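Thanks, everyone, for making the time this morning. I would like to walk through one structure with you, beginning with the empty space inside and working outward from there.

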Amino acid sequence: METAGGIDDDLGARLAAAAAGDRASWDALVDRFNSLVWSVARSFRLPDDDAADVVQTTWLRLLDHLDRIEDPQRLGSWLATTARRECLHTLRRTTREPALDVLEIMSTVPDPRPPVDHDLLRGERDTALWALFERLSDGCRRLLRVMIATPPPSYAEIAAALDMPVGSIGPTRARCLATLRTLAIDADLAVDPG
Amino acid sequence: MSTDDELESLLRDLAAQHDAVPEHVTAAAKASWELRDLDSRIATLVADSWRDQPAVATRDSLGTLRMLTFTSDGASIEVDVETDSITGTRRMRGFVTGADGDLVIERGRTRITVPLVDGQFDVEGLAPGPARLSVLDPTGGRIVTTWVSL
């Protein structure tokens with residue numbers, strides 16, 4: 001598992017230090033997990049302002065609970081769960097459609113983009129692939145958007161973010177990536193590295 | 001053809017390019033540290049009508065009304081939060097028991113003081129976002145709620 005500055009090996013000490021008043025440890029926790037929290041908000045397709053509010057509220061709630069996180073290794077899952085609940089509150093407030101259950105994926109497969117030139121520059125390929133990603137079904141996009149946070153979240157953290165069983169993540173990931181790969185091939189987009 | 005791990009890694013790179021955490025969001029998360037309150041008595045959220053109802057039940061007439069109850073050793077703050085369907089601003093109404101003074105609504109570093117009339121309050125035009133409430137603790141100091149997003 002990739003880590004940010006090795007903080008994952010020292011989460012308990014960082015949490016304890018933050019609770020004891022060490023600002024640098026708080027900053028380190030934000031640096032380590034903020035991409036995950038942001039990704040959860042984005043997985044619900046929240047616009048910038050709403051996503052920013054979710055992130056801020058999530059960290060403020062941690063501030064309230066700093067000395068009550070029983071298992072530091074589950075901090076990422078706690079943040080993901082808290083962010084997910086805040087996202088659902090935001091969606092309810094704005095009376096948007098609730099997010100689809102991630103297990104109901106693949107019900108709608110978006111139309112592929114028109115075929116594109118084989119000689120796309122990498123940057124153009126990347127932009128086109130990201131556009132395809134954004135057009136995935138809500139279920140697939142939610143799973144993958146959380147999964148591609150930096151550093152990569154654990155399956156436990158992804159499960160917390162999506163409120164789905166850990167055992168479902170691997171198979172669902174495979175199906176969603178297969179769908180994206182098919183869309184990319186249909187659009188003549190290479191998804192090989194490089 | 002790439003492997004799943006390679007495709008996932010490529011998507012992670014794309015997310016970093018196209019949807020990275022805005023710097024101001026990370027800065028705000030770090031700055032929230034300055035809002036720690038170690039001196040006040042904490043009133044915890046003991047009831048939340050949205051937590052207790054399935055999230056899919058969004059189409060009823062109560063869909064935009066959220067009822068919250070915070071308590072702390074004999075004091076309680078009950079709040080109804082309603083979203084104006086036109087402006088998107090929030091209205092907070094409720095009452096306080098077991099505490100004194102005005103109600104203070106904290107929005108980050110901004111504080112809004114709302115008078116309590118027979119323990120009741122009513123304030124409109126609040127912007128969305130995180131907030132916490134505080135009142136005077138009759139035994140000294142203040143009682144402050146945990147953070148909640150309006």
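The lining of the largest cavity draws at least two residues from each of three strands of chain B, namely E2, E3 and E10, the last of these covering 148-149. This is a predicted model, so please hear everything that follows as values computed from predicted coordinates. Among the contributors to that lining, E3(B) gives the most, with three residues.

How many cavities of 30 Å³ or more does the count come to? The count comes to one, and the volume of this largest cavity is about 50 Å³. Rolling a probe the size of a water molecule over the atoms is what shows where empty space is left. The residues that line the cavity include Arg93(A) from chain A, and from chain B they include Trp50(B), Thr64(B), Arg66(B), Leu68(B), Val81(B), Glu82(B) and Thr83(B), together with Val148(B), Ser149(B) and Leu150(B). Sorted by class, the lining holds five nonpolar, three polar and three charged residues.

Let me stay with the strands for a moment. E2(B), residues 65-72, and E3(B), residues 75-83, are paired in the antiparallel sense over eight bridges, and within this pairing Leu65(B) has Glu82(B) as its bridge partner in E3(B). Two residues sit between the strands of that hairpin, where Asp73(B) takes a positive phi near 40 degrees. On to the next pairing: E3(B) also pairs with E4(B), residues 90-97, in the antiparallel sense and over eight bridges, and here the bridge partner of Ser76(B) in E4(B) is Thr97(B). The hairpin of E3(B) and E4(B) has six residues between the strands, and Gly88(B) in its turn has a positive phi of about 80 degrees.

One residue of E2(B) deserves a closer look, and that is Ser72(B). Is Ser72(B) buried or exposed? With a relative accessible area of 7%, which is under the 20% cut-off, Ser72(B) counts as buried. Leaving aside residues up to four places away in sequence, Ser72(B) touches Arg41(B), Ile42(B), Ala43(B) and Ile143(B).

Now to chain A, beginning with Thr57(A), which is placed in helix H3, residues 48-65. Thr57(A) counts as buried because its relative accessibility is 0%. Again not counting residues up to four places away in sequence, Thr57(A) touches Glu86(A) in its own chain and, across in chain B, Pro130(B), Val148(B) and Ser149(B). Val148(B) and Ser149(B) were both named earlier, in the lining of the largest cavity.

Leu66(A) lies in the loop between H3(A) and H4(A), the latter covering 75-93. Leu66(A) is buried, since its relative accessible area is 6%. Which residues does Leu66(A) touch, not counting those up to four places away in sequence? They are Leu15(A), Ala18(A), Ala19(A) and Trp26(A) in chain A, along with Trp33(B) and Arg36(B) in chain B. As for separation, Leu66(A) and Ala17(A) are 49 residues apart in sequence, and their C-alpha atoms are 9.8 Å apart in space.

Further along chain A comes H7(A), residues 155-162, a helix that is mostly covered, with six of its eight residues buried. Those buried residues are Glu157(A), Ile158(A), Ala159(A), Ala160(A), Ala161(A) and Leu162(A), and what covers them includes H2(A), H4(A), H6(A) and H8(A). Just after H7(A), Asp163(A) takes a positive phi of about 55 degrees.

Let me finish with the two chains as wholes. Chain A has eight helices and zero strands, and 54% of its 194 residues count as buried. Among contacts in chain A between residues at least 6 apart in sequence, 68% join residues at least 24 apart. The accessible surface of chain A comes to about 8,000 Å², with 50% of that belonging to carbon and sulfur atoms. Chain B has two helices and ten strands, and from the N terminus on, the helices are followed by the strands. Of the 150 residues in chain B, 45% are buried, and 48% of the chain B contacts with a separation of 6 or more are between residues 24 or more positions apart. The accessible surface of chain B comes to about 7,300 Å², of which 51% belongs to carbon and sulfur atoms.

Note on methods
Residues numbered from 1 in each chain as written. Chains lettered and ligands numbered in written order. Predicted model: local features only at pLDDT ≥ 70, side-chain atom pairs only at ≥ 80, totals over all residues. Heavy atoms only, no water. Helix = DSSP H or I, 4+ residues; strand = E, 2+ residues; numbered from the N terminus. Buried < 20%, exposed > 50% of the residue type's maximum accessible area, 1.4 Å probe, protein only. Contact = heavy atoms within 4.5 Å. Areas by Shrake-Rupley, 256 points an atom, 1.4 Å probe, with all protein chains shown as cover. Pairing = 2+ DSSP bridges. 1 Å grid on protein atoms, 1.4 Å probe; cavity = no way out; pocket = protein on both sides within 12 Å on 5 of 7 lines; lining within 4 Å. Points joined across faces, edges and corners; volume = space filled by probe spheres on them. Nonpolar A, V, L, I, M, F, W, Y, C, P; charged D, E, K, R; others polar.
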